Amino acid sequence: MERNLQVDINQIVIQPIESKIYRDQFHVSIDVLRLDQVHPIISGNKYFKLMPWLQDAVQKKAAHIGSFGGAYSNHLVATAFACKEMRIPFTGIIRGEQPEKLSATLQDAIAFGMQPVYVSRKEYQDKEKIKLKYPSIFWIDEGGYGMAGAQGAAGIFSCIPNASAYDYFICAVGTGTMMAGLLNATAIHQQVIGISVMKNNFSLEENIRQLLLPGKRNRKILLQHGFHFGGYAKHPLVLINFINQIWNDHALPLDIVYTGKTFNALDNLIKENFFRKRSRIIFIHSGGLQGNRSLPKNTLPF
Ligand SMILES: *Cc1c(COP(=O)(O)O)cnc(C)c1O
């Protein structure tokens with residue numbers, strides 16, 4: 001792979017959360033896996049999910065890559081950057097009509113060479129039909145969803161020093177590809193908890209199950225649906241305040257679409273005594289901080 005796409009997984013940082021409340025009152029400890037720091041543009045879990053797809057594209061000598069996403073798709077930015085580095089043209093199929101003002105995320109993807117194609121929400125639902133219109137494009141499914149993406153995401157587990165010591169893994173869930181990878185990589189005594197950032201996305205469990213390896217099909221898929229703050233990319237003031245508070249208390253920067261909601265869920269679950277005493281929890285910081293740029297200036301201090 002091109003040099004600018006390489007990541008040194010030995011550089012990945014574990015940040016312990018020092019909290020008297022979590023430690024003395026609820027008897028749990030939290031470490032944060034700072035995947036947000038793996039690469040300046042291919043943020044967080046996107047690097048892991050994309051690599052097997054890109055390797056497949058190279059092997060098949062793809063002359064053009066395409067993928068799908070909405071206006072806040074970190075996946076499209078990551079894929080656009082990767083394609084630029086690999087000198088392969090990239091087309092992004094965007095859900096919804098072209099907006100008057102492009103999101104910061106779409107602006108970035110376009111700056112990295114993405115050719116945007118805007119399709120109506122209705123048309124977007126039938127991705128197989130869209131793919132047929134461009135027979136020469138190598139397609140990466142939305143969010144890197146698929147066996148390849150899950151296989152790549154399983155690599156997140158290998159980045160965690162002493163990974164077998166953790167009782168719980170907690171991560172944000174969009175398509176569920178990262179969660180499936182973690183379910184495939186973790187041992188049976190370890191629980192993976194996924195926080196859905198969308199409202200009423202109840203097809204997730206089945207989508208995740210589809211990506212489990214043969215020996216893992218009976219794993220429990222623990223999804224929480226109550227922490228979406230109104231829906232995908234919705235970010236009411238209570239969420240902004242929470243993100244500010246976590247920054248003040250722990251110097252941990254979170255994003256408004258994924259990791260802020262997920263850390264809020266973790267905080268709530270701890271305070272509801274969801275976790276066994278003396279549990280060791282690892283929070284996967286899956287990146288996405290560039291999405292905060294859609295907020296008005298000075299909303300967040302980082
Ligand atoms: C894309 C993304 C996710 C969702 O990952 P899935 O594998 O689609 O569930 C979570 N967190 C961040 C920061 C992301 O950018």
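Where does Asn298 sit? In this predicted model, Asn298 is found in the segment after strand E10 (279-285).

**View 1. Two residues other than glycine with positive phi, Asn298 and Arg87.** Most residues other than glycine have a negative phi. Asn298 goes the other way, with a phi of about 70°, and its relative accessible area of 74% makes Asn298 exposed. Arg87 also has a positive phi, near 55°. Look for Arg87 in the loop between helix H3 (74-86) and strand E4 (90-95); Arg87 is exposed too, at 73% relative accessible area.

**View 2. Asp255, a buried acid with no salt bridge.** Asp255 belongs to the loop that runs between helix H10 (237-250) and helix H11 (259-271). Lys261 is the nearest side chain of opposite charge, and it's 8.3 Å away. What Asp255 does have is a side-chain polar contact with the side chain of Thr259, at 2.4 Å. A polar atom of the Asp255 side chain also lies 2.9 Å from the backbone nitrogen of Tyr258. Leaving out residues up to four places away in sequence, Asp255 touches Ile243, Gly260, Lys261, Gly287, Gly288, Leu289 and Asn292.

**View 3. The cavity lined by Asp255 and others.** The structure has one cavity of 30 Å³ or more, and the largest cavity holds about 40 Å³ of space. Asp255 shares the lining of the largest cavity with Tyr72, Asn74, Thr105, Val257, Tyr258, Gly288 and Gly291.

**View 4. A salt bridge between Arg95 and Glu142.** Side chains of opposite charge can pair when their charged atoms come close. Here the closest N and O atoms of Arg95 and Glu142 are 3.9 Å apart. Arg95 is in strand E4, while Glu142 is in the loop between strand E6 (138-139) and helix H7 (147-158), so the pair ties together parts 47 residues apart in sequence. Both partners count as partly exposed: Arg95 at 28% relative accessibility and Glu142 at 25%.

**View 5. Two further pairs, Lys133 with Glu123 and Glu85 with Lys84.** The closest N and O atoms of Lys133 and Glu123 are 3.4 Å apart. This pair links helix H6 (residues 127-133), home of Lys133, to helix H5 (residues 121-125), home of Glu123, with the two residues ten apart. Lys133 is exposed at 55% relative accessible area, whereas Glu123 is partly exposed at 36%. In the salt bridge of Glu85 with Lys84, the closest N and O atoms are 3.1 Å apart. Glu85 counts as buried at 12% relative accessibility, while Lys84 is partly exposed at 39% relative accessible area.

Conventions:
Residues are numbered from 1 along each chain as its sequence is written. This is a predicted model: local features need pLDDT of at least 70, side-chain atom pairs count only at pLDDT 80 or more; totals for chains, interfaces and linings use all residues. Side-chain values use heavy atoms; hydrogens and water are left out. Helices (H or I, at least four residues) and strands (E, at least two) are DSSP runs, numbered from the N terminus. Buried means under 20% relative accessible area, exposed over 50%, partly exposed in between (1.4 Å probe, protein chains only). Lys and Arg count as positive and Asp and Glu as negative; His and the chain ends are not counted. A salt bridge is a side-chain nitrogen of Lys or Arg within 4 Å of a carboxyl oxygen of Asp or Glu. A polar contact is a pair of N or O atoms within 3.5 Å; within protein, one must be able to donate a hydrogen and the other to accept it, and residues adjacent in sequence count only if both atoms are side-chain atoms. Contact means heavy atoms within 4.5 Å. On a 1 Å grid over the protein atoms alone, a cavity is a set of points where a 1.4 Å probe fits but cannot get out, and a pocket is an open set with protein on both sides within 12 Å along at least five of seven lines; lining residues have an atom within 4 Å of a point. Grid points are joined across faces, edges and corners, and a volume is the space filled by probe spheres set on the points.
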